[in-house]
Amino acid sequence: MATEQHSQEGVVKHRHRHEGPQKHIVVFIFSIVLTLIAFAAVAAGGVNPAFAVVLLLVMAVLQVFVQMGFWMHLKDRGHLIPIIFMIGGFFVAGTSIIMALYWVWWD
Amino acid sequence: MAQAAHSLNSSKPLGHGHSVKRHTGLMDWITTVDHKKIAILYLWAGGLFFGIGGLEAILIRIQLIKPMNAFLDAQTFNELITMHGTTMIFLGVMPIIFALMNAVIPLQIGARDVAFPFLNALGFWTFLFGGILLNLSWIMGGAPDAGWTAYVPLSSTTYSNTHGVDFYTIGLQIAGLGTLIGGINFLATIITMRAPGMSFMRMPMFAWTTFITSAIILFAFPAVTVGLVLLTFDRILGANFFDVAGGGNPVLWQHIFWIFGHPEVYILILPAFGIISEVIPTFSRKRLFGYSSMVFATILIAFLGFMVWAHHMFTTGLGPVANALFSVSTMLIAVPTGIKIFNWLFTMWGGQVRFTTPNLFAAGFIPTFTMGGVTGVMLASAPADFQFHDTYFVVAHFHYVIVGGLVLGLFAGLHYWWPKMFGRMLSEKLGKWTFWTFIIGFHMTFFVQHFLGLMGMQRRVFTYLPNQQFDLLNLVSTIGAGLMGVGTILFLLNAFLTSRRPADAADDPWEDGRTLEWTIPSPPPEYNFKQTPLVRGIDAFWKEKTAGHKGMTPAEPVGSIHMPSATVLPFTMSVGIFIAGLGFMFSRDEFGNAFMSFLFNNYIVTAIGLVITFGSMLLRSLYDDHGWHIEPEELEGR
């Protein structure tokens, strides 16, 4: 598969504009910053634990979007089927987690 | 293969087309990666297990023929009902579904093979060795005896102290690997390898239901994998996931099992819906009524199928709110299913209906499956379910949907595609005998069980007392089971007699074929399509026929065709997993023999198995196999 994509790159270029490395560098720095904030919130101490948990969750969700969208290419065109199947997976896994929490853990 | 098919035009003849090593005889079957041969392997293996499961059913019915019968003891009866359910679902009908998918799907979408031919072979062999492992339990100290649902605590070592349930957990784990591999393979195949012009909304219905079924497999099988791992850990390594004394929760097993188990029944029935949706339009000479609503209904059934699992657990004590919610979501499934039933009826309405054997099975399917659906809605009502739970009413319901739905659908599909798979038409006369004996036997067996259940006869109990009005109905039920057995034997006889006739089936033996598989020879050459066809609408072949064309318009010039190489590695990988599973299962046993104890108790047998499997994987990764080519001259020579 990989070789085929390389050989077609020249043809593909004029169809959809090839992104430069600039955007990816920015996104890379952004995800590093997200990690640093999360790490600092715990490592520095003095942060209210309840606030730290919420902050960590927010950072995690942002990180998931960055990873999925940019590095797994889900933001690009032609990725509808992977997105549908990921949503399906989240749906089934989410149902199972809610089940386990509600009926097995808390009950 | 996917990229090979796409880059076919650019691939130049490399001149090594003739140097490919060809196996013959048994080695050909063990090393094959051809989807058509794998389909036949699935059919024979699935048929074998179907026969074993059927035999177990007959033994169960003989035991229940009269009150206080002593034909079987309680333990054997428990083993038989457990193995009947497990074998039929996981090793009987699912492989036969995969047989039809393998035989038909690449042809229907105009592809030369599945996306991953190697994985396809691996999926078959893991299924087969998982099935063999499960059935070895009969001669290795007792079969599983906790029911096909293996509810804890009954399936824990406290109440089931033989290796029976270990054979269940490890056998199913290995067989389930094959199913998961197969499901992913068909997803990739259908997404990436459709012929030019075949958009999703131009796919035949069987391809659609295969696609949705594979998606359900992808999402549902991980649940049972987790459940089986936890149960294995509880039983063999002494974990406490389901052990109350250790802080575990037995209801967790029920949830995990049914989060998988309910989608599983849609994995079974959706392919049957697809088969019926192919057979009925062909023999009505009409396009399928409401194609897009059929697609929508299939997707909706798959989606709702993940939200209803707790209706198997109404009596567990989930509370009135949960029971009400799951009641409603269960009843909702009747809506898309009803859409399908009416669409089939409207397809037949006003069509030029021919009652060939496949169409007889399809026509028999509609009312029979509807009856199973109606009792399903009855069971969906939680208050009523408290009465029906664990009675023969439930047994009657799920046999109506699985046998009256799926098995009739499979018979329809087998009679319909047999000429495409083997190049020989099955005898219509014997086929009609099969249909009538099977369907009359079926209704005799299971219709009366509704009433047995309503009168209070409990399922999974090995005998019953006289004078409870159970006697006559049970006798009728057993006679019906015998009749179903006769029907199945007639089908086998039909297949045997047909195999002795010359392979002379036409490309389009039913003469009204609508989809791409009927445009190529029966059986197809190993590359399927000399030139990939251009699809110009739903029912691509029918569209060309109505336009006055004899065949499909090719979408590419005749060129060299890239083929995957035959390989023994899928077989050796599966043998390795089989040995490892067996070794792990007996790792805590005491053997009289010191050498055996040393081998098993130190996980040496397990290690040998894993070395074989991972060694095969290593070989596969290190040794690049680029496949081989069939050159245009060879194609013309045929």
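**Exercise 1. Residues 83-105 of chain A**

What percentage of residues 83-105 of chain A is helix, and how far apart are the end C-alpha atoms?

*Solution.* The model examined here is a predicted one. Over residues 83-105 of chain A, the helix content is 100% and the strand content 0%. The end C-alpha atoms of this span are 31 Å apart. An unreviewed UniProt entry annotates residues 83-105 as "transmembrane region", along with residues 25-44 and 50-71 of chain A. For residues 25-44 of chain A, helix accounts for 95% and strand for 0%; the end C-alpha atoms there are 27 Å apart.

**Exercise 2. Chain A and its contacts with chain B**

Describe the secondary structure of chain A, then its side that touches chain B.

*Solution.* Step 1: chain A has 4 helices and 0 strands, in the order α-α-α-α from the N terminus. Step 2: of the 107 residues in chain A, buried residues make up 2%. Step 3: contacts link 11 residues of chain A with 13 residues of chain B. Helix H4 (residues 80-105) of chain A supplies the largest share of the chain A side, 9 residues. By residue class, that side divides into 6 nonpolar, 4 polar and 1 charged.

**Exercise 3. Helix H8 of chain B**

Compare the expected and modelled spans of helix H8 (residues 250-284) of chain B, and locate its kink.

*Solution.* Step 1: the helix has 35 residues, and the rise is taken as 1.5 Å a residue. The expected span is 1.5 Å times one less than the number of residues, so H8(B) should cover 51 Å. Step 2: the end C-alpha atoms of H8(B) are 51 Å apart, in agreement with the expected value. Step 3: H8(B) nevertheless contains a kink of about 30°, centred on Trp258(B). Step 4: 30 of the 35 residues of H8(B) are buried, and the helix is thus mostly covered.

**Exercise 4. Helix H7 of chain B**

Apply the procedure to helix H7 (residues 205-236) of chain B.

*Solution.* Step 1: at 1.5 Å a residue, the 32 residues of H7(B) should span 46 Å. Step 2: the end C-alpha atoms of H7(B) are 44 Å apart, which agrees with the expectation. Step 3: a bend of about 30° occurs at Ala220(B), and the proline Pro222(B) follows within four residues. Step 4: H7(B) is mostly covered, with 25 of its 32 residues buried. Step 5: just after H7(B), Gly238(B) takes a positive phi of about 75°.

**Exercise 5. Backbone exceptions in chain B**

Which residue is buried and which is partly exposed: Ala150(B) or Arg285(B)?

*Solution.* Step 1: most residues other than glycine have a negative phi, and most peptide bonds are trans. Step 2: phi of Ala150(B) is positive, near 45°, and Ala150(B) lies in the loop between H5 and H6 of chain B. Burial requires 20 or more other C-beta atoms within 10 Å. Ala150(B) has 24 other C-beta atoms within 10 Å and is therefore buried. Step 3: phi of Arg285(B) is also positive, near 50°. Arg285(B) is placed in the loop between H8 and helix H9 (291-304) of chain B. With 14 C-beta neighbours inside 10 Å, Arg285(B) is partly exposed. Step 4: the peptide bond from Val152(B) to Pro153(B) is cis, with omega near 5°. Pro153(B) belongs to the loop between helix H5 (117-136) and helix H6 (164-192) of chain B. Step 5: another cis peptide bond joins Ser522(B) and Pro523(B), with omega about -10°. Pro523(B) is in the loop between helix H16 (471-499) and helix H17 (540-546) of chain B.

**Exercise 6. The nonpolar core**

Which helix of chain B gives the most residues to the largest nonpolar core?

*Solution.* Step 1: the largest nonpolar core has 180 residues. Among the members that touch the most others are Tyr42(B), Ile276(B) and Ala412(B). Step 2: helix H14 (residues 392-422) of chain B gives the most to this core, with 20 residues. Step 3: leaving aside residues up to four places away in sequence, Ala412(B) touches Ile275(B), Ile276(B), Val279(B), Pro358(B), Phe361(B), Ala362(B) and Phe365(B). Step 4: another core, of 5 residues, lies apart from the largest one and includes Phe77(B) and Ala143(B).

Definitions and conventions:
Residues are numbered from 1 along each chain as its sequence is written. Chains are lettered from A and ligands numbered from 1 in the order in which they are written. This is a predicted model: local features need pLDDT of at least 70, side-chain atom pairs count only at pLDDT 80 or more; totals for chains, interfaces and linings use all residues. A nonpolar core is a set of buried Ala, Val, Leu, Ile, Met, Phe, Trp, Tyr and Cys residues joined through C-beta atoms within 7 Å. A residue is buried if 20 or more other C-beta atoms lie within 10 Å of its own, exposed if 12 or fewer, and partly exposed in between; C-beta atoms are placed from the backbone. Helices (H or I, at least four residues) and strands (E, at least two) are DSSP runs, numbered from the N terminus. Two residues are in contact if their C-beta atoms, placed from the backbone, lie within 7 Å. The bend at a residue is the angle between axes fitted to the seven residues ending there and the seven starting there. Ala, Val, Leu, Ile, Met, Phe, Trp, Tyr, Cys and Pro count as nonpolar, Asp, Glu, Lys and Arg as charged, and the others, Gly among them, as polar. UniProt positions are given in the numbering used here, feature names are shortened, and annotations may be inferred rather than shown by experiment.
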